[in-house]
Amino acid sequence: MPKYYEDKKEDGQACGGVREDLRQCLLESPCVLQENKSPKQCLREGHCRSLQMTFFACKRSMVSVCVVFSTSGL
């Protein structure tokens, strides 16, 4: 089970749980801890790729829902 479910309040943001998992993954990665690189730089190098793809898919699905609602009134 993802870490964000454990003792966390709902933040109300779309994809907030996946975002939190991605953030934790990056902050706990050897790239950040041992190589002293920024999380952004580690993300570009491919660390936590599966969570990154999950987060982007979640955000993309939110955009798709908004497009459906905005074009349904035409």
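**Exercise 1. Count the helices and strands in the chain, and give their order.**

Step 1. Set the rule. Helices (H or I, at least four residues) and strands (E, at least two) are DSSP runs, numbered from the N terminus.

Step 2. Count. The chain has four helices and zero strands.

Step 3. Read along the sequence. The pattern is α-α-α-α.

A note on the source: this is a predicted model, in which local features need pLDDT of at least 70 and side-chain atom pairs count only at pLDDT 80 or more, while totals for chains, interfaces and linings use all residues. Residues are numbered from 1 along each chain as its sequence is written, and side-chain values use heavy atoms, with hydrogens and water left out.

**Exercise 2. Find the disulfides and state their pattern along the chain.**

Step 1. Apply the cut-off. A disulfide is a pair of cysteine sulfur atoms within 2.5 Å. By that rule there are three disulfides.

Step 2. List the pairs. C15 bonds to C58, with an S to S distance of 1.8 Å. C25 bonds to C48 at 2.0 Å. C31 bonds to C42, also with S to S 2.0 Å.

Step 3. Number the bonded cysteines along the chain. The pattern reads 1-6, 2-5, 3-4.

**Exercise 3. For the disulfide of C15 and C58, work out the handedness, the parts linked and the burial of each cysteine.**

Step 1. Take the torsion about the S-S bond. For C15 and C58 it is about -90°, so this disulfide is left-handed.

Step 2. Place the ends. C15 sits in the segment before α1 (16-27), and C58 in helix α4 (residues 49-71). The pair links distant parts of the chain, 43 residues apart.

Step 3. Check burial. Buried means under 20% relative accessible area, exposed over 50%, partly exposed in between (1.4 Å probe, protein chains only). C15 is buried at 11%. C58 is partly exposed at 21%.

**Exercise 4. Do the same for C25 and C48.**

Step 1. The torsion about the S-S bond of C25 and C48 is about -95°, so the disulfide is left-handed.

Step 2. C25 lies in helix α1, and C48 in the loop between α3 (39-44) and α4. The pair therefore ties together parts that are 23 residues apart in sequence.

Step 3. C25 is partly exposed, at 25% relative accessible area. C48 is buried, at 13%.

**Exercise 5. Treat C31 and C42 in turn.**

Step 1. The S-S torsion of C31 and C42 is about -90°, so the disulfide is left-handed.

Step 2. C31 is in helix α2 (residues 30-33) and C42 in helix α3, 11 residues apart.

Step 3. C31 has 0% relative accessibility and is buried. C42 is buried too, with a value of 0%.

**Exercise 6. Identify the largest nonpolar core and the elements that build it.**

Step 1. Define the set. A nonpolar core is a set of buried Ala, Val, Leu, Ile, Met, Phe, Trp, Tyr and Cys residues joined through side-chain atoms within 4.5 Å.

Step 2. Collect the members. The largest core has 10 residues: C15, V18, L22, L26, C31, V32, C42, L43, C48 and F55.

Step 3. Assign the elements. α1, α2 and α3 each give two or more residues to this core. α1 gives the most, with three.

**Exercise 7. State what share of the chain is buried.**

Step 1. The chain has 74 residues.

Step 2. Buried residues make up 22% of them.
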